[in-house]
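Q: Please take a close look at the aromatic side chains of this protein, and then at its pockets.

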Amino acid sequence: MIPWLGEEEAEAAAEAVRSGWVAQGPRVAEFERAFAEHLGVPHAVAVSSCTTALHLALIGAGVGHGDEVVVPSLSFIATANAVTYVGAVPVFADVDPATGNLTADTVAPLLTDRTKAVIAVDQGGIPVDLDAIRAVAEPRGATVIEDAACGAGATYRGRPAGAGAAIAAYSFHPRKLLTTGEGGMVTCHDAGLAARLRRLREHGMSVSAADRHTAAGGAAVVETYDEIGFNYRMTDIQAAIGLVQLGKLPAMVGRRRVLAERYRALLGPLAAGMVTDPPHGTGNYQACWLLLPDGAPDRTEVLARLADSGVSARRGIMAAHLEAPYKGTARVPLPATELITGRSLILPLFHTLSEEQQDTVAIALLEAVG
């Protein structure tokens, strides 16, 4: 992945520096409004990362010590870690082998009286079937949080991914389409929840630093701290970059989808293992991953052969239940998860990828697989 950053972002960041306001301030508020408008949701709260967004989302959903949260193991480990931050237990569910996402059928058997939430991930930018999961989880009193870390630019039933979730969390890490360097966003439909999340991201302050400084008689405004909060703020420099990136998002998605289809044409029989759009939406190809076919060389060998050809690919999506902090905690078999994590790889895909570079990748992969 190479972020699509240019002079416009550089100038926006420089203007924020020249303004003298570089911490969380007016540009963060503007980015929040623009992101919420893009999604068609009432509230967006900018934070320092998607991990902190998930942490605040779980607190906002009332998840605490001893509760259970159903999550996919097939996700970056931050999804499970956020659950442990609030003292809850991550319960790993299997995924659809075609999309890498949770389904209602994999979630339902794991719901118990202790289940407080489900975190449904838009894995690799492929939208999860949110409505189906909500239909099995919400009658049991579980809040469905959408981990849309990879989801900006994807669509679900004609709307932006995450727009229909009670709470959703987004990432702006450089591996994602829309980047602010580091950063994240929580979106929600409840005004009271949004106000609480804004307090929590800033140490629990009743009045933000920006509001104190811009209020009439600013020095006389005294904040209170009514609950323990966190330092999860985004800076105005990051938000300035994010505003430019948000305007480029449709072009990013369009280009990546064209490149993904070109990979599909170039890879011949290997294209059968490529991730594709589900019936309920469109992906943004944040990660263009494929499953190696039966009989292919070991993935480590394939990656080494690609590297020898000058191609930087990566192993596929990790499985948290196979990593040390969560080893042995899976309550049910996770065959699709283990298949995908063991046999998938991620191909180079970025906005400025040329046809010549893409040809090089395809030829090298076909040769590496044999």
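A: What follows deals with the aromatic pairs and then with the two largest pockets. The model is predicted, so local features are given only at pLDDT of at least 70 and side-chain atom pairs only at pLDDT 80 or more, while totals for chains, interfaces and linings use all residues. Residues are numbered from 1 along each chain as its sequence is written, and side-chain values use heavy atoms, with hydrogens and water left out.

A search of the whole structure finds six aromatic pairs, where rings of Phe, Tyr and Trp (its six-membered ring) pair if their centres lie within 6.5 Å, and planes under 30 degrees apart count as stacked, over 60 as edge-to-face and the rest as tilted. One of these joins F35 and Y170, whose ring centres lie 5.0 Å apart with the planes at 80°, so the pair is edge-to-face. F35 belongs to helix α2 (residues 26-39) and Y170 to strand β8 (residues 167-171), so that the pair links parts of the chain 135 residues apart; helices (H or I, at least four residues) and strands (E, at least two) are DSSP runs, numbered from the N terminus. F35 is buried at 0% relative accessibility and Y170 is buried at 1%, where buried means under 20% relative accessible area, exposed over 50% and partly exposed in between (1.4 Å probe, protein chains only). F35 and Y170 also belong to one aromatic cluster with F31 and F172.

In the pair of F230 and Y232, the rings are stacked, at 5.0 Å centre to centre and 10° between the planes, and Y232 is buried at 14% relative accessibility.

Turning to the pockets, the largest has about 660 Å³ of space, and of its 27 lining residues F76, C150, R175, K176 and Q286 are the closest to its centre. A pocket is an open set of points on a 1 Å grid over the protein atoms alone, where a 1.4 Å probe fits, with protein on both sides within 12 Å along at least five of seven lines, and lining residues have an atom within 4 Å of a point; a volume is the space filled by probe spheres set on the points, which are joined across faces, edges and corners. Helix α3 gives the most to this lining, with three residues.

The second largest pocket, of about 350 Å³, is lined by 19 residues, with Q24, R201, S208, A210 and D211 nearest its centre. Here α2 gives the most, with four residues.
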